[in-house]
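Q: Please take a close look at the largest pocket in this structure. Describe its lining, then set it beside the parts around it.

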Amino acid sequence: MDEQVAPTDHETHRYLIQKRFPDGVMKCLGCDCPQAAIYRLGSGRYRCPSKKYTFNLTTGTWFARLKIAAPKWLALVRAYDNMELHSAAARQAQTSNATARRAYGVISEAICQHQRQENKNVRGRELERTP
């Protein structure tokens, strides 16, 4: 099996912006200020001048639970999706086995929470339909 390397920082940045801001307008993740007010810091973080809120593209997501660079996260998610062992995922993401194992736990937890929320939504819609 060919091992894939982690995506570049630029590719990851572009991908995360598309996913976080599907309407194409970046907003502060703390106060929803429009893009014009936000400026990028050198560390890959952004700052909202109105509230001095500093954030990155994974703030407020499951990805923020571990301090892993976004390209490595995407490589780990891809490996998880392909049902790779965490040791293979660690090689692909160029990270330790322990980090890959923790990331797999976070990914599994996020999926379970999403499924529980979907089940609640379905039950709620079913209750609304019952006379």
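A: What follows covers the largest pocket, the helix pair, the second pocket and the sheet. The model is predicted.

Start with the space itself. The largest pocket holds about 450 Å³. Its lining counts 23 residues. Closest to the centre are Gly44, Asn56, Leu57, Thr58 and Ala70. Two elements, H1 and H2, give two or more residues each to this lining. H1 supplies the largest share, with five residues. By class, the lining of the largest pocket has eleven nonpolar, eight polar and four charged residues.

Next, the two helices that contribute to that lining. H1 covers residues 9-20, and H2 covers residues 70-81. Their axes come within 8 Å. The crossing angle is roughly 75 degrees. An angle from 65 to 115 degrees counts as roughly perpendicular. H1 and H2 are therefore roughly perpendicular to each other. In the contact, H1 brings Asp9, Thr12, Tyr15 and Leu16. H2 answers with Ala70, Pro71 and Leu74. Five of these contact residues are nonpolar, one is polar and one is charged. Ala70 thus has two roles to note: Ala70 is one of the residues closest to the centre of the largest pocket, and Ala70 is also part of the H2 side of the helix contact.

H2 leads on to another pocket. The second largest pocket holds about 160 Å³. Its lining is made of Trp62, Phe63, Trp73, Val77, Val106, Ile107, Ala110 and Ile111. H2 and helix H4 (97-129) each supply at least two of these residues. H4 gives the largest share, four residues. The class split here is eight nonpolar, no polar and no charged. The largest pocket, by contrast, has eight polar and four charged residues in its lining. H2 therefore appears in both accounts: H2 gives two or more residues to the lining of the largest pocket, and at least two to that of the second largest pocket.

Last, the sheet. Three strands form an open sheet in the order E1-E2-E3. The pairing is antiparallel. E1 (39-40) and E3 (53-55) stand at the edges. Each has a single partner strand, so one side of each is left without a neighbour in the sheet. E2 covers residues 46-48. Two bridges join E1 to E2. One bridge partner can be named: Arg40 is matched with Tyr46 in E2.

Key: Residues numbered from 1 in each chain as written. Predicted model: local features only at pLDDT ≥ 70, side-chain atom pairs only at ≥ 80, totals over all residues. Heavy atoms only, no water. Axes fitted to C-alpha atoms, helices over the stretch in contact; angles between N-to-C directions. Parallel < 35°, antiparallel > 145°, perpendicular 65-115°, else oblique. Contact = heavy atoms within 4.5 Å. Nonpolar A, V, L, I, M, F, W, Y, C, P; charged D, E, K, R; others polar. Pairing = 2+ DSSP bridges. 1 Å grid on protein atoms, 1.4 Å probe; cavity = no way out; pocket = protein on both sides within 12 Å on 5 of 7 lines; lining within 4 Å. Points joined across faces, edges and corners; volume = space filled by probe spheres on them.
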